[in-house]
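Student: I am new to this structure and would like to go through it slowly. Could you take my questions one at a time and explain how each answer is reached?

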Amino acid sequence: MIPILSHQENIDSNALSFLDALAATAFAGDIEKSYASRLAVATDNSVYQSLPQAVVLPKHQQDLVILTQLASQPEYQQVRFSPRGGGTGTNGQSLTQDIVVDLSRHMNKVLEVNVAEGWVRVQSGVIKDQLNDALRPHGFFFSPDLSTSNRATIGGMINTDASGQGSLKYGKTSDHVLALTSVLVDGTVLDSAPVSNEQAKQLAELQGSVGKIYRQVLSTCETMQQEIEQRFPKLNRFLTGYDLKHVYDAETGAVDLSRILCGSEGSLAFITEAKLNITPIPKYRALINVKYNSFESALRNAPFLVKANALSVETVDSKVLNLAKQDIVWHSVSDLIQDVPDKEMDGLNMVEYAEHDKDKQAEKIAALCQLLDSKIANEEDGIIGYQVCDDLAGLNRIYGMRKKAVGLLGAAKGRAKPVAFAEDTCVPPENLADFIMEFRALLDGKGLNYGMFGHVDAGVLHVRPALDMCDPLQEILMRDVSDKVVALTAKYKGLMWGEHGKGFRSEYGPAFFGNTLFNELRKIKSAFDPDNRVNPGKICTPYESDETLVSVDAVKRGFYDRQIPVQVRDSFTEVVDCNGNGLCFNYDASSPMCPSSKITQDRRHSPKGRAGLMREWLRQLVNNNVDIIQLEKELLAGKNDVSLVKRFANTWSKKRGQYDFSGEVMEAMEGCLACKACSSQCPIKVDVPTFRSRFMFLYYSRYQRSLKDYLVGYSELYTPLMAKAPGLFNVFLKQDWVQNIATKTTGMVDIPVLSQPTLARSLSGHSAMAFNMDKLAALSTAERDKTVLIVQDPFTSYYDADVVRDLVLLAEKLGFNPVILPFKPNGKPQHIKGFLRDFAKTAKTAAEFLNQIAQLNIPMIGTDPALVLCYRDEYNKALGDERGNFKVELFQEWLTPRLGDIKPMTKNKMSYYLFGHCTEKTNLPNSTSDWQKVFKAFGAELKEVSVGCCGMAGTYGHDAKQYENSKGIYSLSWQQELAKHEHSQCLATGYSCRSQVKRFEGEKLKHPVQALLSLI
Ligand SMILES: Cc1cc2nc3c(=O)[nH]c(=O)nc-3n(C[C@H](O)[C@H](O)[C@H](O)COP(=O)(O)OP(=O)(O)OC[C@H]3O[C@@H](n4cnc5c(N)ncnc54)[C@H](O)[C@@H]3O)c2cc1C
Ligand code: SF4
Ligand code: SF4
């Protein structure tokens, strides 16, 4: 069994007494001190790891005032803070050993939209896509772009001065900030917006921190103007630090303190609110994809494209291009970026035009096309072809392909993984090609693998060389390359931090700014934060203090990860490979990505949080001398089991308060719905359900399981027995008092009633029920072609038997001979609950049976996506070669290739809405389009409804502990979308989804096969 893991880095006494005092104030937010909560924010997308003392999550601005005023008391002078938003920084910007102040959980409201004046007022925890969703109905958007738009907050964007594609026209975040409200570390609320020189001088006379700040900023800007002009590079990008160049307008004398806060990386104040200007959404957008014979040609041609009045010019190298071509994503764009006959396409520039006026747009596109035609005819500039795409869906598909391809770089096989440390260099665009050639020579010289892409119009290049950060020598190499890139960017008059900010690269600040100007930054830091208490060490330290800057050599994740032996790391790759990019925090309720993260807003309950906890858990087990792989093997073989008495005793001690880190990990795992969205939507394919099962399996080698686990895990064994007398059981299950007792004793709610009539009764006497192996084996080839075998799952067969019956009737009407196979447990419930030894047995038995049936060469189909897909994924992982080659398809997978024979069957064109099962949608990308093809062949229309998870996910929704979250998840997208449509036209493929709708809407949705049956 696993030992107790008692290790947790203790919170220092200053921080602890501060947190206790904070809890005693009117502070309304959350205060999280658990080791798990601290670990969940110990990483971002960088190579660093830093454990904070605690996480506080303010509810509103007043909470920050309370926090900072308390912190100003003499006894808490040692306590320091670091603001945090989405935590998507690439260089450890929000990482700290102090207290994290997370503004993303509660301070995320869009406060006011003023279309007439073209601005919006938001709390700083609002996510960029959330803001755009609120602005879209008004015809506006917040134009600075960034790839992490579905999880990065406005506070984070302001503090890193984020920007991205289209920055030549749309600018950086700072260009759109009209005013800010911030809370200073001494509790003062600072409102900043442009003021006249006169007003600034009056403000500089005030007592207190506001006066001090204005005095310092005015003094620096007035005395250092020449130095500022010389030092600040003439680039489209800002150099994060304090924006001395724009805070003071020498011509008008206006002063805008917000410019100092933009790009300050949380080192000056907590920004609570922002007033931002907004931009009308362009009516017409088009993309011209220009193809080149080499990446260098694409780079050298970029200035020519910029001159052609493009909104943006984006580039990808052949590595990224080829990754896309080998991926399924290429299908979605292959017609939009076709190969050029007899030519090798080794570089691509994507040139976007966006206009409000149709003619103007057409004119610009025609002008560029004409120039490109002439260059192609003259074989100039390595251009080998181009294609214009002017429909929005196509445009989004191309950008989607680019995004996905970049993610694929991260999923590279092997131990070396692309890491961020020099990933956002920026040089004047005219220097870019030469700079990149030298940069490539540097990386090639070190034997590093990499792919490149970027915003060539702005001279920004994204590259993440692949390194194994568990290898200490590669850590040294990273420092070496880092120093060389700093020198190289300087040589080409650029910046190493052209887009993502400095973070742990702050140590390069003095060399970059020069001593004089860097001292001015330090004076400004002193005016805002004299004791170095907000995000200490980032950007600069207070003037004349002994405080030190953070360094590239700070402790990295690799330091912890390398304590886990290679075999264990290789066995738990998805756990170790999570690179913290935060895509799993996707805020969009209609996306299937992590429902537990969405509903809890708790980082522990995200794939990233769970992977981080799991890494620490593995590390601690290893440090406790546990051979994890061996222990797993022994437990799977039924060895090393401890007695029931011992397990009860361990459980009893834990209940009485004995600390075990495993318990914290378990809490995070229990909140997972096992919906598997992460396993396909995460670019690294971090598959939580797989490692969660392994965790549970090991966890329960020490502790005793609850009755609920057994009821769920072994439901496939007792349900068929109950289904022999459904009336009897249903009488009881329909009684409230029985359900109440069940909740109290088993921890389960809303236990469903069994199907009446049963499947056997409703198909009594039907040939589909007469499975006979010998008869099937004796069928001719022609007969086999017209036969289909139905694989039962426990949920549909016993709780939703009508669906199986209708599937039989439909197959029959389509001219097939359906035969229902005898029920064999699938094992999915055992897998979910981590009964891995029994799952392996169940899977083996089922696989043997299905392999035997597969010999018949007759197609097998199933109805429930989660269970059918379990035969593919979980079976493969558990059985390896023993799984055999049997194939069970979903109905639409089976029918789509056979559609040629089906003639449209309905006179009235019916419309339906498909509410897809999340496991099916995410793991079978073609499933919706297959269903649509099927419906079309039946003469009906099927529209996809964008919904996330329904909140049931097997038995998660029946767990009393998870009931509120299950209901909450349902309300995020399903409830709202169902309210828009006639329920009789809404179809759901998942049994879980149908039962969730039944319990919250009181009526059951049809399975698509039932709708199809009604059409013929
Ligand atoms: C895959 C990937 C792609 C990326 N692409 C882009 C891109 O295209 N363009 C781009 O600009 N960036 C990009 N980034 C970097 C990152 O997403 C941005 O820097 C983003 O602005 C950070 O926002 P956040 O909410 O995650 O902030 P965090 O990472 O939480 O914090 C960033 C900094 O802001 C400070 N901060 C956050 N909120 C506040 C607040 N309310 N008050 C004071 N300080 C605060 C933090 O202390 C920290 O210093 C990318 C990152 C990844 C992982
Ligand atoms: S789990 Fe996947 S999506 Fe989430 S942070 Fe890790 S790598 Fe990114
Ligand atoms: S399985 Fe679903 S709920 Fe669990 S971590 Fe993955 S996405 Fe989140």
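Student: In which loop does Pro757 lie?
Tutor: This is a predicted model, so what follows describes computed features. The peptide bond that leads from Gln756 to Pro757 is cis, with omega near 0°. Most peptide bonds are trans. As for its place in the chain, Pro757 belongs to the loop between α33 (736-746) and α34 (759-762).

Student: Is Glu544, whose phi is positive, buried or exposed?
Tutor: Glu544 sits in the loop between α19 (515-528) and α20 (557-561), and its phi is near 60°, a positive value in a residue other than glycine. Most residues other than glycine have a negative phi. Because the cut-off for exposed is over 50%, the relative accessibility of 65% makes Glu544 exposed.

Student: And is Ala953 buried or exposed?
Tutor: Ala953 also has a positive phi, near 45°, and its place is the loop between β26 (941-944) and α45 (963-972). Its relative accessible area is 18%, and since buried means under 20%, Ala953 counts as buried.

Student: Which residue of β23 is the bridge partner of Ile790?
Tutor: Ile790 is part of strand β21 (residues 787-790), whose two faces are both covered, with Thr787 and Leu789 buried on one side and Val788 and Ile790 buried on the other. This strand runs parallel to β22 (residues 817-820), to which four bridges join it, and there Val788 has Pro818 as its bridge partner. With β23 (residues 860-862), β21 pairs over two bridges, again in the parallel sense, and the partner of Ile790 in β23 is Ile861.

Student: Which residues come nearest to ligand 3?
Tutor: The shell around ligand 3 has 10 nonpolar, one polar and two charged residues. Helices α24 (607-623), α28 (677-681) and α29 (688-699) each supply at least two residues of this shell. Of the 13 residues around the ligand, those that come nearest are Cys594, Arg610, Cys672, Cys675 and Cys678.

Student: Which residues come nearest to ligand 2?
Tutor: By class, the shell around ligand 2 is made up of eight nonpolar, four polar and one charged residues. From the 13 residues around ligand 2, the ones that come nearest are Cys578, Asn581, Gly582, Cys584 and Cys682.

Student: Which helix gives the most to the nonpolar surface patch?
Tutor: The patch, of about 600 Å², is made by Leu728, Phe729, Val731, Phe732, Trp737 and Ile741. Both α32 (726-733) and α33 supply at least two of its residues, and Trp737 lies in α33. The most, however, with four residues, comes from α32.

Student: How many residues apart in sequence are the parts that Asp959 and Lys708 tie together?
Tutor: The side chains of Asp959 and Lys708 meet in a salt bridge, at 3.1 Å from N to O. Asp959 is buried, with a relative accessible area of 10%, and Lys708 is likewise buried, at 13%. Since Asp959 lies in the loop between β26 and α45 and Lys708 in helix α30 (residues 707-713), the pair ties together parts whose separation in sequence is 251 residues.

Student: How many salt bridges are found in the whole structure?
Tutor: One of them joins Glu977 to Lys980, with the closest N and O atoms 2.8 Å apart; Glu977 is buried at 17% relative accessibility, whereas Lys980 is exposed at 56%. Elsewhere, Asp30, Glu32, Arg105, Asp602, Arg604 and Glu667 are linked in a network of salt bridges. For the whole structure, the search finds 63.

Notes. Residues are numbered from 1 along each chain as its sequence is written. Chains are lettered from A and ligands numbered from 1 in the order in which they are written. This is a predicted model: local features need pLDDT of at least 70, side-chain atom pairs count only at pLDDT 80 or more; totals for chains, interfaces and linings use all residues. Side-chain values use heavy atoms; hydrogens and water are left out. A residue is near a molecule or strand if one of its heavy atoms lies within 4 Å of it. Ala, Val, Leu, Ile, Met, Phe, Trp, Tyr, Cys and Pro count as nonpolar, Asp, Glu, Lys and Arg as charged, and the others, Gly among them, as polar. Buried means under 20% relative accessible area, exposed over 50%, partly exposed in between (1.4 Å probe, protein chains only). Two strands pair if DSSP finds at least two bridges between them. Patches are made of residues with over 30% relative accessible area and no salt bridge: like charges are joined within 9 Å, nonpolar side chains (Val, Leu, Ile, Met, Phe, Trp, Tyr) within 5 Å. Accessible areas come from the Shrake-Rupley method with a 1.4 Å probe; for residues, only the protein chains shown count as cover. A salt bridge is a side-chain nitrogen of Lys or Arg within 4 Å of a carboxyl oxygen of Asp or Glu.
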